[in-house]
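Biologist: Hey, I've just opened this one and haven't looked at it before. Can you walk me through it?
Modeller: Sure, let's pull it up and go piece by piece.

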Amino acid sequence: MFYYLDGTVAEILPYLAVIDCGGVGYACKTTNNTLAVLKKGQRKKLYTYLNVAENVFELYGFATQSELNSFRLLIGVSGVGPKAALAILSSGTPETLAMSIVTGDEKALTAAPGVGKKIAQRIILELKDKMSKESAGGLDFSGNRGAPAPAVFGNKAMEAAQALAVLGYSSQEVSVALKGLDMDQPLEEIVRQGLKRMATP
């Protein structure tokens, strides 16, 4: 129903931002990461998710599409509701979430308030299953050289591709995002740069 809201930041409260669009204030539940980039009185665009259930009509807003993608994936895991998803994304970033899924790092997830070991294990298991099979092959990270990436880069490139696939990006988007990146960097930095590329129009 709502793809994004583009308006003036009217209020900033814990886990909540109010965006004024044409005189209507939309209350968006959100993460600490999104709140950190908002300033009252300034214009901002938030990518939104509308949660509709029995006696529930809640709007969630995020500063980046990566964070929105992560939120959608998390609430798609059985036993993970919007509150837990916000807690996880407030204690980390989309790239750290992706890294924790790929590496099976339960501790990174249980650092979020209210997220126990069983939920963390379920998130890792279910989201690993959702990884695009296409991310394991057919990707070209060679930039404009027209040659395949050296074998030494293969594993790290594949891990980065898997991390981006966890966040809901297609194999084509992942290939474009990672093409030509320096694979000597730490894996998390590769993923961060890939996300930055996809967020740039």
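Modeller: One definition to start: helices and strands here are DSSP runs, at least four residues for a helix and at least two for a strand, numbered from the N terminus. With that, the pattern along the sequence reads β-β-β-α-β-β-α-α-α-α-α-α-α-α. Also keep in mind that this is a predicted model.

Biologist: Got it. How many helices and strands does the secondary structure come to?
Modeller: Nine helices and five strands.

Biologist: And in what order do the five strands close into a barrel?
Modeller: The order is S1-S2-S3-S5-S4, and the pairing is mixed. On average, neighbouring strands of this sheet are turned by 55° against each other, if you ignore direction.

Biologist: Does any helix sit on that? I mean, which strands does H2 touch?
Modeller: H2, residues 65-75, packs on the sheet and touches S4 (43-53) and S5 (56-62). The direction of H2 makes about 15° with that of S4.

Biologist: Is H2 mostly covered, or what? How many of its eleven residues are buried?
Modeller: Eight of the eleven, so yes, H2 counts as mostly covered, where buried means under 20% relative accessible area. The buried ones are Ser66, Glu67, Leu68, Asn69, Ser70, Phe71, Leu73 and Leu74.

Biologist: Back to the strands for a sec. How many bridges are there between S2 and S3?
Modeller: Six, in the antiparallel sense, with S2 covering residues 16-21 and S3 covering 24-29. Cys21 has Val24 in S3 as its bridge partner.

Biologist: What about S1, how many bridges join that strand to S4?
Modeller: Five bridges join S1 (residues 4-13) to S4, and these two run antiparallel. Thr8 stands opposite Arg43 in S4.

Biologist: And S4 with S5, how many bridges there?
Modeller: Seven, again in the antiparallel sense. Thr48 stands opposite Gly61 in S5. S4 and S5 form a hairpin with two residues between them.

Biologist: Which residue in that turn has a positive phi?
Modeller: Asn55, at about 60°. Most residues other than glycine have a negative phi. Asn55 is exposed, with a relative accessible area of 77%.

Biologist: Where is Tyr15, then?
Modeller: Tyr15 is in the loop between S1 and S2. Phi of Tyr15 is near 60°, so here too we have a positive value in a residue other than glycine. Tyr15 is partly exposed, with a relative accessible area of 37%.

Biologist: Okay, new topic: the inside. Which residues touch the most other members of the largest nonpolar core?
Modeller: Leu74, Ile88, Ile123, Leu164 and Leu178, out of 45 residues in that core. S5, H2, H3 (82-90), H4 (94-103), H6 (117-129), H7 (151-166), H8 (171-178) and H9 (187-199) each supply at least two of its residues.

Biologist: What is Leu74 in contact with, leaving aside its neighbours within four places in sequence?
Modeller: Val80, Ala85, Ile88, Leu89, Leu97, Ile123 and Leu127.

Biologist: Which residues does the second core include?
Modeller: That separate core has ten residues, among them Leu5, Ala17, Ile19 and Leu46. As a general thing, nonpolar side chains tend to be buried together in soluble globular proteins.

Biologist: You mentioned H3. How many of its nine residues are buried?
Modeller: Seven, so H3 is largely enclosed by the rest of the structure. They are Ala84, Ala85, Leu86, Ala87, Ile88, Leu89 and Ser90.

Biologist: And over the whole protein, what share is buried?
Modeller: Buried residues make up 42% of the 201 residues.

Biologist: Last bit, the end of the chain. At what angle do H8 and H9 pack?
Modeller: About 110°, with the axes 8 Å apart. H8 and H9 are therefore roughly perpendicular to each other, a label that covers 65 to 115 degrees.

Biologist: Which residues meet there?
Modeller: From H8 you have Glu173, Val176, Ala177 and Leu178, and from H9 you have Ile190, Gly194, Arg197 and Met198. The residues of that contact divide into five nonpolar, one polar and two charged.

Notes
Residues are numbered from 1 along each chain as its sequence is written. This is a predicted model: local features need pLDDT of at least 70, side-chain atom pairs count only at pLDDT 80 or more; totals for chains, interfaces and linings use all residues. Side-chain values use heavy atoms; hydrogens and water are left out. Two strands pair if DSSP finds at least two bridges between them. Axes are lines fitted to C-alpha atoms, for helices over the stretch in contact, and angles run from 0 to 180 degrees between N-to-C directions. Contact means heavy atoms within 4.5 Å. A nonpolar core is a set of buried Ala, Val, Leu, Ile, Met, Phe, Trp, Tyr and Cys residues joined through side-chain atoms within 4.5 Å. Buried means under 20% relative accessible area, exposed over 50%, partly exposed in between (1.4 Å probe, protein chains only). Angles under 35 degrees count as roughly parallel, over 145 as roughly antiparallel, 65 to 115 as roughly perpendicular and the rest as oblique. Ala, Val, Leu, Ile, Met, Phe, Trp, Tyr, Cys and Pro count as nonpolar, Asp, Glu, Lys and Arg as charged, and the others, Gly among them, as polar.
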